[in-house]
Amino acid sequence: MKIHRAASPAPTPETPGPALDPAGPLYVDSADTLIRGPWTHRFVAANGARFHVAEAGEGPLVLLLHGFPQFWWSWRHQLPALADAGFRAVAMDLRGYGSSDKPPRGYDPMTSATDVSGVIKALGESEAVIVGHDWGGWLAWSMPGLVPELTRAVATVSMGHPLVMRKALTRDPRQRRAWRRVLEFQIPMRPERRLTREDLVGDLLREWSSTSGFPDDEGLDVYRRAIRVPFVAHSTMEYFRWAVRSVPRQDGRRFATAVDEPIGVPVLSLHGEEDPYVLLPSVLASHRRVSGPLRFESVPGAGHFLPEEAPERVTQALISWLREL
């Protein structure tokens with residue numbers, strides 16, 4: 001896929017932007033994340049903020065939530081395929097990422113769930129299938145407890161249930177070692193500097209993937225640039241800091257209570273067999289929290305970044321599952 005970045009104004013299918021420059025500047029304009037392709041870029045207002053979405057197709061809404069250190073573009077393989085299969089596929093930039101707003105606060109799953117529900121309503125829909133990878137998967141697991149009325153079904157990719165992951169950090173030494181980066185991210189300012197001034201993005205993408213050739217130079221360049229959009233590096237760290245620091249606080253306890261109910265909506269769980277970041281026992285333990293229909297698929301030879309490491313397998317699994325809903 002040939003990558004283009006947006007000029008000002010953002011490119012449209014009629015006015016494509018120039019070729020993407022190699023990652024070099026310390027700071028990058030958010031328009032660089034509006035990459036042209038077989039989708040439509042638009043902005044919607046939700047929960048007091050503005051969110052960017054990339055949209056393709058018509059039919060039942062499938063809302064795709066990305067993870068760290070990425071943005072909506074991580075779903076570029078699935079967007080056109082889901083559209084061709086008869087679904088309205090929408091990949092959004094979470095709060096603090098890409099071309100969405102980057103306010104100083106609100107990087108907790110309760111606010112994120114309200115963001116997502118607001119986007120669903122702003123798109124004119126009454127419900128959606130929530131598909132999430134990594135942090136987006138954490139949010140997907142949480143949606144049935146936080147916004148049940150808008151959550152038709154959830155697909156989680158490369159992530160365990162939030163309460164299972166919390167427990168694993170204290171009781172499973174292997175998962176705690178795998179999540180050492182999460183503990184490192186609690187240090188103020190240092191991770192932000194490494195993300196923008198060093199190559200922590202490249203280190204993480206290589207460290208958490210398998211040996212499948214991901215990331216390639218082109219994709220790595222895109223993600224290096226995206227993390228350098230002003231305020232993105234700090235916003236991404238705030239999600240991780242909330243996840244750890246909120247555990248003993250009232251807001252953390254309130255979240256735990258909300259997501260502690262059995263999940264009755266259909267769930268698809270996808271996991272890479274070589275994922276070194278979210279380990280298989282954490283994912284399997286999460287399945288015990290599902291009381292509704294559950295489908296689990298493991299992907300041989302793939303690491304943490306399944307939508308890009310094994311795009312055809314993820315796409316096929318999603319479409320097959322969605323057609324049975």
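Visitor: Let's start with helix H7, residues 190–197. Which of its residues are buried?
Guide: Bear in mind that this is a predicted model. Buried here means under 20% relative accessible area. In H7, the residues that meet this are Pro 191, Glu 192, Leu 195 and Thr 196.

Visitor: Where do those buried residues sit when you look down the axis of H7?
Guide: Looking down the axis of H7, you find its buried residues within an arc of 120°. They therefore line one face of the helix.

Visitor: And what covers the buried residues of H7?
Guide: Other helices contribute to the cover. Among what covers the buried residues of H7 are helix H6 (180–184), helix H8 (200–208), helix H9 (217–227) and helix H10 (232–245).

Visitor: How are H8 and H9 oriented to each other?
Guide: Their axes are 9 Å apart and the packing angle is about 130°. The crossing is right-handed. Angles of 65 to 115 degrees count as roughly perpendicular and those over 145 as roughly antiparallel, so H8 and H9 come out as oblique.

Visitor: Which residues of H9 are met by H8?
Guide: From the H8 side, the residues involved are Val 201, Gly 202, Leu 205 and Arg 206. On H9 they meet Leu 220, Tyr 223, Arg 224 and Ile 227.

Visitor: Over to helix H4 (residues 162–171) and helix H11 (residues 250–258): at roughly what angle do they cross?
Guide: Pro 162, Leu 163 and Arg 166 of H4 meet Gly 252, Phe 255 and Ala 256 of H11. The two axes come within 9 Å, and the crossing angle is roughly 125°.

Visitor: Now the sheet. Which strands stand at its edges?
Guide: The sheet is open, has 8 strands with mixed pairing, and runs in the order S1-S2-S4-S3-S5-S6-S7-S8. An edge strand has a single partner, so one of its sides is left without a neighbour in the sheet. That applies to S1 (40–46) and S8 (294–299).

Visitor: What does the twist average from one strand to the next?
Guide: Going from strand to strand through that order, the twist averages 20°.

Visitor: In which sense do S3 and S4 pair, parallel or antiparallel?
Guide: S3 covers residues 61–65 and S4 residues 88–92, with 5 bridges between them. Leu 65, for one, has Met 92 in S4 as its bridge partner. The sense of the pairing is parallel.

Visitor: Which strands does helix H14 touch?
Guide: H14 spans residues 311–324 and packs on the sheet, its direction making about 170° with that of S8. The strands it touches are S3, S5, S6 (151–157), S7 (267–272) and S8.

Visitor: Thr 315 is found in H14. Which residues does Thr 315 touch, not counting those up to four places away in sequence?
Guide: Thr 315 has a relative accessible area of 10%, so it is buried. Leaving out residues up to four places away in sequence, it touches His 77, Gln 78 and Ala 81.

Visitor: Last one: is Arg 95 buried or exposed?
Guide: Arg 95 is found in the loop between S4 and H2. Beyond its neighbours within four places in sequence, its contacts include Asn 47, Phe 51, Asp 101, Asp 115 and Tyr 239. Its relative accessibility is 8%, and the cut-off is under 20%, so Arg 95 counts as buried.

Terms used:
Residues are numbered from 1 along each chain as its sequence is written. This is a predicted model: local features need pLDDT of at least 70, side-chain atom pairs count only at pLDDT 80 or more; totals for chains, interfaces and linings use all residues. Side-chain values use heavy atoms; hydrogens and water are left out. Two strands pair if DSSP finds at least two bridges between them. Helices (H or I, at least four residues) and strands (E, at least two) are DSSP runs, numbered from the N terminus. Axes are lines fitted to C-alpha atoms, for helices over the stretch in contact, and angles run from 0 to 180 degrees between N-to-C directions. Contact means heavy atoms within 4.5 Å. Buried means under 20% relative accessible area, exposed over 50%, partly exposed in between (1.4 Å probe, protein chains only). The arc is that of the directions from the helix axis to the C-beta atoms. Angles under 35 degrees count as roughly parallel, over 145 as roughly antiparallel, 65 to 115 as roughly perpendicular and the rest as oblique. A crossing is left-handed if the near helix is turned anticlockwise from the far one by less than a right angle, and right-handed if clockwise.
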